[in-house]
Amino acid sequence: MKKIIPVIMCGGSGTRVWPASRETMPKQFIALLGERSTFQNTLLRLNAAIFDEPVIVTNHDYRFLVQEQMEEIGVHGQIVLEPERRDSAAAVAIACEIAAARAPDALVAVFAADHVVQKVEAFRALCIKAGEAAALGHIVTLGITPTGPATGYGYIRPGAIAVAESGVAKVEAFVEKPDAETAERYIAQGYLWNSGNFFFRADVMRGELAAFEPEIAAAAAEAFASARTDLGFLALDKAAFGKAPKTSIDYAVMERTSHAAVIPADIGWSDVGNWQAVWELSDKDDHGNAIRGHGVVVDGENCYVRADDTLTAVLGVKDVIVVTTDDAVLVVGAQYGDRVKNLVDELKRRKRKEAREHRRVYRPWGYYQSIDSGERHQVKRIVVKPGHKLSLQKHHHRAEHWIVVCGAAEVTRDAETVMVHENESIYLPIGSVHRLVNPGKIDLELIEVQTGSYLGEDDIVRIEDVYHRA
């Protein structure tokens, strides 16, 4: 069998496991379980002989996070940037174009970046069987063997066996998320959960997209043909990609095609769709409590407590989820885990910035983190990676004072360039043209104190920028 080209969908809105996950840092980039993010674990799961180098489909906001997390685990691949979100059908269409450029009948597998698979070897063995069936012209999905009557997943009704050697069956029907009573009936009738993972030949999926969704197929072909390379990323053409209607691959193809097939998968799978799922996948004490970080539970049962920085103590409660970050606290009854998204929607309606972003904001050069703010001042911690630089810029409304606490800073200030070392500082008046560079071998850390009449991030006039933001 040819190697399978794995395509990882890496978007997300960061609402289902808020406040750890947010729009600027969705859950696939967070270490929800163990020390690695689910995105990194997905990459490592696909780092096997049956797979080619991965293709990661993401957006401009996440591109450097994707790149950094790949570098951390030593995995190489192609990063493709969607100029706007058009749902999964357009992303699959782009995957087809990329694969077909290598070979028209290339084998492709599409995976989510934020799913958990506990039985990795069983998963890889099923991928071989699914790939063999896909080579015959089937569009194969992994149908997860249910562990209970879940109401949060779509279901698949398997039909007649299509490939006897592997147990791949035709799909009789895809059905929507059921209520509890219907879910019980589905399990009794042998239904499977829809994992959203698909295997197909590029020419087969391209043909189905052209037949059922010609606008999506045409937009993807044009966006790929007009794509450009930007800092090593493949940036799709915005005007062309924007012509693709927003719809999922399930609606666009899988529920309409005669090629749909399913292989039963008992692989310890979860889409980690809420905090209750995180609790279920976590190690627990004798009372069913799962604790991550600085959490303490006394006289409690079946609690999940996550506290990365702040001591979080829970006393005398059952079936409660408590998540503490440096700027938000979530307390929710376990049975309401699916409603966290509704809570985030309400926070957005109230224009709470905590709904969308963390205090720590990642940039291609490193990150900055808010420490304190007032009407005319703001204090940030800035970390710049070795060899990286910020844009050459100026501000109309604020002055800045930089104090280096670790490393060495090369600072451009108007016509001069100054080296600032640990325990030294430099002042940048309003309107001065300046740039910060880390010329060293270790992270540069500094404290920035801003003062002025307006302190918003949009008071940045970029004159020159290596990341093409000027």
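Modeller: Before we start, axes here are lines fitted to C-alpha atoms, for helices over the stretch in contact, and angles run from 0 to 180 degrees between N-to-C directions. This is a predicted model, where local features need pLDDT of at least 70, side-chain atom pairs count only at pLDDT 80 or more, and totals for chains, interfaces and linings use all residues. Residues are numbered from 1 along each chain as its sequence is written, and side-chain values use heavy atoms, with hydrogens and water left out.

Biologist: Okay, why are α3 and α7 called oblique to each other?

Modeller: Helix α3 (residues 87–102) and helix α7 (residues 214–225) pack at an angle of about 50 degrees, with axes 9 Å apart. Under 35 degrees is roughly parallel, over 145 roughly antiparallel, 65 to 115 roughly perpendicular, and the rest oblique. So α3 and α7 count as oblique.

Biologist: And which residues of α3 and α7 make the contact?

Modeller: Contact means heavy atoms within 4.5 Å. From α3 that gives A89, A90, A93, I94, E97, I98 and A101, and from α7 I216, A220, A221, A223 and F224.

Biologist: Now α5: what puts T182, A183 and Y186 on the same side?

Modeller: In α5 (residues 180–188) those three are buried, meaning under 20% relative accessible area, with exposed over 50% and partly exposed in between (1.4 Å probe, protein chains only). They cover an arc of only 100 degrees around the axis, so they sit on the same side of α5; the arc is taken from the directions from the helix axis to the C-beta atoms. On the other side, E181 and A188 are exposed.

Biologist: What do the buried residues of α5 pack against?

Modeller: Strands β7 (155–163) and β8 (168–175).

How values were computed: Helices (H or I, at least four residues) and strands (E, at least two) are DSSP runs, numbered from the N terminus.
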